Amino acid sequence: MNNLIKGKKNEWELILGLEVHAQINSKSKLFSPAPTEWGAEPNSQVSLVDSGMPGALPVINTFCVDQAILTGLSLNAKINEVSVFDRKNYFYPDLPQGYQISQFEHPIVSNGFLIIETENGEKKIGITRLHLEQDAGKSIHDQDINNSFIDLNRSGCGLMEIVSEPDMRSSDEVAQYVKKLRSILRRVGSCDGNMEKGNLRVDVNVSVRLPGKNLGTRCEIKNVNSIKFIQQAIEFEAARQIDIIENGGSISQETRLFDPTKGETRSMRGKEESHDYRYFPDPDLPPLIITKQKIEDLKKILPELPDEMKKRFLQDYNLKNYDAEIIVNDQDVAIFFEELVKKRDPKLVVSWLTVELFSYLKKTETNLSESKISVSKLGDLLDIISDGTISNRVAKDIFEEYLKSEKNAREFISEKGLVQVSDTNELTIMINSVLQENPKMVDDYRNGKEKLLGFFVGQVMKISKGKANPQLVNKILREELKK
Ligand code: MN
């Protein structure tokens with residue numbers, strides 16, 4: 001399948017690249033000891049460095065450097081033994097230094113990639129670079145009192161800016177990329193990936209071109225804070241650009257904002273070029289030197305990454321590719337799965353996890369850890385399905401109610417009178433009553449319409465209120481029909 005977008009005149013190729021700002025999971029800031037805790041009283045976590053006081057000197061936080069290296073390694077990238085901090089100069093009220101300390105020509109990490117799953121199979125997305133930089137403060141505009149406020153708590157927090165190659169061709173590929181990147185960051189522990197809190201912020205570069213032709217002019221959509229909005233923003237922006245070009249206009253390079261309530265992007269400012277920022281090496285900071293030994297030491301503590309875990313799951317549990325991908329992309333789910341699957345049938349576990357449990361979480365708008373569902377709570381239920389105490393169908397019917405109850409699975413179903421009927425005599429009586437009520441169908445079955453077996457099973461399940469053991473019903477039915 002191709003991903004071309006139909007305009008009124010032509011089919012267009014969408015070219016997408018991402019710049020992701022990931023806040024480093026560090027207790028203190030990138031160049032100061034001030035704390036980074038979220039939700040603190042405004043301006044309570046600000047050191048002299050973060051507020052741009054003259055004479056205050058930045059000192060690099062080596063924990064943040066380690067996190068950038070670990071992340072670079074997990075993105076299959078090159079860790080540069082020498083990198084340089086530069087000043088990116090611009091004025092904004094929430095940037096008291098008058099510049100952001102960032103990395104320009106010599107980033108700490110370059111040339112990586114990650115693998116996403118697309119409908120056409122695996123696809124490699126290049127990662128141009130990962131560099132370290134400071135975050136700015138926050139401006140709060142209160143329209144009611146026509147005033148603005150500045151909170152510098154975020155000023156100086158450590159960010160990893162992760163820049164991809166323009167390798168993505170659809171909003172779906174972008175969604176897969178963000179999910180994969182987020183799951184890697186969480187696995188490594190370098191960023192919590194929380195988009196709502198702004199700890200993972202995505203800027204999308206969008207342009208369109210006729211297939212095989214030169215790249216078009218791109219627009220950058222800033223700070224979109226959910227995967228759904230990212231997809232909406234891309235689709236709106238692509239349609240907007242195609243419409244302009246097909247009507248004889250041209251795209252001007254600019255920075256745009258996405259308005260989630262209207263579902264559209266609008267111009268924010270003309271795009272500046274990097275030379276506008278007058279980058280130069282920060283005279284307060286020496287080049288950052290990373291030894292080979294340091295890199296080797298960090299390699300040893302890298303956790304099992306989602307792709308490796310997926311490979312292992314495919315092998316050990318014989319999962320489908322799609323199931324394995326969604327399980328490993330959420331670390332909590334992956335750990336939960338591995339606990340649950342010990343001594344249990346992987347097929348049963350996967351289907352309960354990805355169908356029943358996921359739809360329960362979606363319905364209750366919780367994630368696995370918020371839901372407080374334990375491995376033993378779900379495991380107990382799976383065990384009594386496996387040993388034939390209840391049928392899979394009954395288990396599905398009572399699932400939600402069971403999750404909310406304090407009872408264990410066996411207590412719950414015996415109190416509800418839901419224990420599966422596996423008594424051969426009892427089942428034979430039910431089966432014979434069904435066969436007696438449907439003499440015509442019995443004849444048809446005996447004359448070769450074997451598909452009717454399903455109908456008979458259904459009827460038995462119905463009169464047993466779902467409690468009949470379906471395997472046994474099948475077996476006895478076949479025997480009775482042979483008579
Ligand atoms: Mn940046």
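This passage walks through one strand and its partners, then the cores, cysteines, open spaces and a few single residues of the structure. The model is a predicted one, and everything below was computed from it.

A good place to start is strand β11, which spans residues 158-164. Seven of its seven residues are buried, so the strand is largely enclosed by the rest of the structure. Its side chains split into two sets: Gly-158, Met-160, Ile-162 and Ser-164 point one way, while Leu-159, Glu-161 and Val-163 point the other. Both sets are buried, and that goes for Glu-161 and Ser-164 as well as for the nonpolar members.

β11 has pairing partners too. Strand β2 (residues 11-23) runs antiparallel to β11 and is joined to it by five bridges; within this pair, Glu-19 has Val-163 as its bridge partner. Strand β8 (residues 121-134) also pairs with β11 in the antiparallel sense, this time over seven bridges. Here Gln-134 is matched with Gly-158. As a reminder, strands of a sheet pair through backbone hydrogen bonds, either parallel or antiparallel.

Two residues of β11 turn up again in the nonpolar interior. The largest nonpolar core has 63 residues, and the members that touch the most others are Ile-108, Leu-132, Met-160, Ile-162 and Tyr-177. Helix α2 (residues 171-188) gives this core its largest share, eight residues. A second core of 39 residues is separate and includes Leu-348, Leu-357, Tyr-360 and Ile-398. Nonpolar side chains tend to be buried together in soluble globular proteins.

Ile-162 shows what such a position looks like up close. Setting aside neighbours within four places in sequence, Ile-162 is in contact with Leu-18, Glu-19, Val-20 and Ala-22, with Leu-75, with Ile-127, Arg-129 and Leu-130, and with Tyr-177, Leu-181 and Leu-185.

What about the cysteines? A search of the whole structure turns up zero disulfides. Cys-64 is in none, and the nearest cysteine sulfur, belonging to Cys-157, sits 8.9 Å away. Cys-64 is also buried, at a relative accessible area of 0%. For Cys-191, the closest cysteine sulfur is the one in Cys-64, and at 12 Å that is too far for a bond. Cys-191 counts as buried as well, because its relative accessibility is 1%.

Turning to empty space, the structure holds one cavity of 30 Å³ or more. The largest cavity contains about 40 Å³ of space. Its lining is made up of Val-49, Asp-50, Leu-95, Pro-96, Gln-97, Gln-134, Asp-135, Ser-155 and Gly-156. Gln-134 is thus a residue to look at twice, given its bridge to Gly-158 in β11.

The second largest pocket holds about 1400 Å³. It is lined by 32 residues, and those nearest its centre are Lys-179, Arg-182, Arg-186, Asp-330 and Asn-367. At least two lining residues come from each of β7 (109-118), α2, α6 (321-328), α7 (331-341), α8 (346-364) and α9 (368-371). Helix α2 supplies the largest share of this lining, six residues, as well as the largest share of the 63-residue core.

Elsewhere, an open sheet of three strands has the order β6-β5-β16, paired antiparallel. The edge strands, β6 (99-102) and β16 (280-281), each pair on one side only. Strand β5 (residues 86-89) meets β16 over two bridges, with Asp-86 standing opposite Pro-281.

Finally, a few single residues. Glu-220 is in strand β13 (residues 219-224) and counts as buried, with a relative accessibility of 2%. Not counting residues up to four places away in sequence, Glu-220 touches Glu-19, Asp-203, Val-204, Asn-205, Glu-254, Thr-255, Arg-256 and Lys-271. The same strand, β13, also contains Asn-223, whose phi is near 45 degrees, a positive value in a residue other than glycine. Asn-223 is partly exposed, at 45% relative accessible area. Asn-146 has a positive phi too, near 50 degrees. Asn-146 lies in the loop between β9 (138-142) and β10 (147-151), and is exposed, at 71%.

Technical notes. Residues numbered from 1 in each chain as written. Predicted model: local features only at pLDDT ≥ 70, side-chain atom pairs only at ≥ 80, totals over all residues. Heavy atoms only, no water. Buried < 20%, exposed > 50% of the residue type's maximum accessible area, 1.4 Å probe, protein only. Helix = DSSP H or I, 4+ residues; strand = E, 2+ residues; numbered from the N terminus. Pairing = 2+ DSSP bridges. Disulfide = S-S within 2.5 Å. Core = buried A, V, L, I, M, F, W, Y, C linked by side-chain atoms within 4.5 Å. Contact = heavy atoms within 4.5 Å. 1 Å grid on protein atoms, 1.4 Å probe; cavity = no way out; pocket = protein on both sides within 12 Å on 5 of 7 lines; lining within 4 Å. Points joined across faces, edges and corners; volume = space filled by probe spheres on them.
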